[in-house]
Amino acid sequence: MLKLPKARLIGDVAVVRIPAELEEHEKEIGEEILRRNPSIRTVIRTFGAYGQTRTTRTKIIAGEDNTETIYKEHGCIYKLDVATLLFCLGNLYERRRMASIVKAGEVVADMFAGVGQFTIPIAKLASPSVVYAFEINPDAYRYLLENIRLNKLEHVVRAFMDDCRNALKYGMEESADRVIMGYFPGTIRFLPTALRLSRGVGSCIHLHDLARKKTGWAELWESVKNVAEQLGYGVKLIGYREVKSYSPSLAHWALDFRVDCSPQAVRRANAPPR
Ligand SMILES: C[S@@+](CC[C@H](N)C(=O)[O-])C[C@H]1O[C@@H](n2cnc3c(N)ncnc32)[C@H](O)[C@@H]1O
């Protein structure tokens, strides 16, 4: 009897990773997933996410030729095309956690918005004054705009189809109480922008990246501290969590840290009285 690989159900689309040894059973696996899940109308096989935009390579293996779906979670609605865009069910708790720690009136910058995985729950479930959402992939950006509309959040989200490293050009320097860096791998290269976006002393940054299981958070934190200190910032670790397993040796980590000192604050403190 065939052991069915575990499928992730996103709206009415099932996504399955099929190991090489089951290659010849691809069609059978797709049909069986359809049969066992009456709410599913399309089954796609995924080959992983690639490049800067984390675009997924997939193939329809059973059901209808339509991979656009609507997924609901924590009272939020997400529309997306599962054939090309990532939506990690393993980040479910992290999405809820982010929405629960944002305080009323905060300015939030979501540097890697995707289809709104953090922007939407924060804007809908917390009461920020504004969420700035940056997304570089036009397909993801189109769904981000649609999800802002579907969730009726036009009054609180400002979306930009641009590289988040350009955020400072929009006059956002020192504006964010909270910066979310929901991207990997190599997230550290975006840290200088996150620090400059942050309001400075007291603001929080949430950095996601891949690192070794169990102890990898400590190596990530060393790199964060080094980059911050080189730029004249002081940072304090508030917490870290293993969001999910990524491979036999790597985990997806989230580090939460606070800015305790900024070069701007030091300059202001040292400025001669007027
Ligand atoms: C994997 S998705 C993650 C979405 C969401 N933050 C989450 O954690 O679930 C990462 C997104 O960041 C976008 N991205 C990558 N580099 C970017 C950049 N420099 N500026 C803005 N968006 C970027 C990608 O296109 C992709 O949609």
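Trainee: Which residues come nearest to the ligand?
Mentor: This is a predicted model. The ligand has 20 residues around it. By class, that shell holds 9 nonpolar, 7 polar and 4 charged residues. The nearest of the 20 are Phe-112, Gly-114, Gln-117, Asn-137 and Gly-182.

Trainee: Where does the ligand lie with respect to domain 1 and domain 2?
Mentor: The chain is divided into domain 1 (7–30 + 38–81) and domain 2 (89–269). Both domains give residues to the shell around the ligand, so the ligand lies between them.

Trainee: Which strand gives the most to the side of domain 1 that touches domain 2?
Mentor: The C-alpha centres of the two domains are 27 Å apart. In the contact, 11 residues of domain 1 meet 18 residues of domain 2. The domain 1 side has 4 nonpolar, 3 polar and 4 charged residues. With 6 residues, the top contributor on that side is strand β6 (residues 76–81).

Trainee: Which strands stand at the edges of the open sheet?
Mentor: The sheet has 4 strands in the order β1-β2-β3-β4, with mixed pairing. An edge strand here has a single partner, so one of its sides is left without a neighbour in the sheet. That describes β1 (7–10) and β4 (55–63).

Trainee: What is the bridge partner of Arg-8 in β2?
Mentor: β1 pairs with strand β2 (residues 13–16) over 4 bridges. The sense is antiparallel. Within β2, the partner of Arg-8 is Val-15.

Trainee: At what angle does helix α1 run to β4?
Mentor: Helix α1 spans residues 26–36. The helix lies across β1, β2, β3 (42–50) and β4. Its angle to β4 is about 75°.

Notes. Residues are numbered from 1 along each chain as its sequence is written. This is a predicted model: local features need pLDDT of at least 70, side-chain atom pairs count only at pLDDT 80 or more; totals for chains, interfaces and linings use all residues. Domain bounds come from an automatic or database domain assignment. Two residues are in contact if their C-beta atoms, placed from the backbone, lie within 7 Å. Helices (H or I, at least four residues) and strands (E, at least two) are DSSP runs, numbered from the N terminus. Ala, Val, Leu, Ile, Met, Phe, Trp, Tyr, Cys and Pro count as nonpolar, Asp, Glu, Lys and Arg as charged, and the others, Gly among them, as polar. A residue is near a molecule or strand if its C-beta atom, placed from the backbone, lies within 6 Å of it. Two strands pair if DSSP finds at least two bridges between them. Axes are lines fitted to C-alpha atoms, for helices over the stretch in contact, and angles run from 0 to 180 degrees between N-to-C directions.
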